[in-house]
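Visitor: Please pick one part of this model and take me through it closely, as you would for someone in their first year. I would like to see how that part fits in with what surrounds it.

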Amino acid sequence: MVVGRIGRPHGVRGEVTVEVRTDDPDRRFVPGAVLATEPADRGPLTVESAKWHSGTLLLRLEGVTDRQAADELRNTMLVVEVADLPELDDDSFYDHQLIGLEVRLADGTVVGAVSAVRHDAAELLVVRRPGTHDLLVPFVTAIVPTVDLAAGHLVITPPEGLLEL
């Protein structure tokens with residue numbers, strides 16, 4: 001599972017910016033943490049230090065000592081094994097659990113399937129619908145009251161006009 005993406009270098013001493021894709025960056029990016037990478041030949045990478053600067057996570061990685069080395073890691077995905085993820089509360093889900101679920105209305109009508117989860121200002125489910133455009137569904141209890149992982153579907157109660165967008 002992707003927990004971050006290395007962005008541009010920060011400064012000249014090898015620090016990199018990270019686009020965080022985990023809800024627990026302070027646990028994932030601690031000094032000494034070893035992260036697998038995609039592509040795999042760029043890692044594993046060991047976190048030497050981590051700090052926040054103006055809302056951006058900056059990492060110093062072992063063996064990355066200058067701007068050029070940092071730039072060579074740009075767009076590298078930082079990944080962890082799904083088995084290493086902690087258990088979540090009953091009403092929380094990892095992206096990989098939601099992707100692929102069938103999306104239904106309360107009456108059982110199939111709307112499509114979750115193809116991605118976006119983490120913009122709010123969490124949005126990207127629902128692929130056959131023969132038409134994708135649908136963005138806010139992932140809030142009022143609109144997605146039921147997620148049944150075992151059955152492989154979720155139920156939406158869309159507000160008026162959401163399905164027509």
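Guide: Let's begin at P39, which sits in the loop between β3 (34-38) and β4. Strand names such as these come from DSSP: strands are E runs of at least two residues, helices are H or I runs of at least four residues, and the numbering starts at the N terminus. Before we go on, please keep in mind that this is a predicted model, in which local features need pLDDT of at least 70 and side-chain atom pairs count only at pLDDT 80 or more, while totals for chains, interfaces and linings use all residues. Residues are numbered from 1 along each chain as its sequence is written, and side-chain values use heavy atoms, with hydrogens and water left out.

Back to our loop. The peptide bond that leads from E38 into P39 is cis, and its omega is near 5°. Further along you meet P44, which is found in the loop between β3 and β4. The bond from G43 to P44 is cis, with omega near 5°.

Now follow the chain into β4. This strand covers residues 45-53 and is joined by six bridges to β5 (residues 56-61), the two running antiparallel. Strands are said to pair here if DSSP finds at least two bridges between them. As a general point, strands of a sheet pair through backbone hydrogen bonds, either parallel or antiparallel. For one example of a bridge, look at W52, whose partner in β5 is L57.

The loop between β4 and β5 holds S54. Its phi is near 50°, a positive value in a residue other than glycine. S54 is exposed, with a relative accessible area of 73%; exposed means over 50%, buried under 20%, and partly exposed in between, using a 1.4 Å probe and protein chains only.

From β5 we can step across to β2, since these strands run antiparallel and are joined by three bridges. Here L57 in β5 is the bridge partner of V18. Strand β2 (residues 15-20) in turn pairs with β1 (residues 2-10) in the antiparallel sense over five bridges, and R5 stands opposite E19 of β2. The hairpin of β1 and β2 has four residues between the strands, and G11 in it takes a positive phi near 80°.

Put these strands into one picture and you have a closed barrel of six strands, running β1-β2-β5-β4-β3-β6 with antiparallel pairing. On average, its neighbouring strands are turned by 50° against each other, direction ignored. Those angles are taken between axes, which are lines fitted to C-alpha atoms (for helices over the stretch in contact), on a scale from 0 to 180 degrees between N-to-C directions; contact means heavy atoms within 4.5 Å.

On the way to β6 (77-79), the loop that follows α2 (67-72) contains N75. N75 has a positive phi of about 70° although it is not a glycine, and it is partly exposed, with a relative accessible area of 45%.

Finally, let's step back to the whole chain. Its secondary structure comes to three helices and twelve strands. The C-alpha trace spans about 60 × 30 × 30 Å along its principal axes. Of the 165 residues, 34% count as buried. Among contacts with a separation of 6 or more, 48% come from residues 24 or more positions apart.
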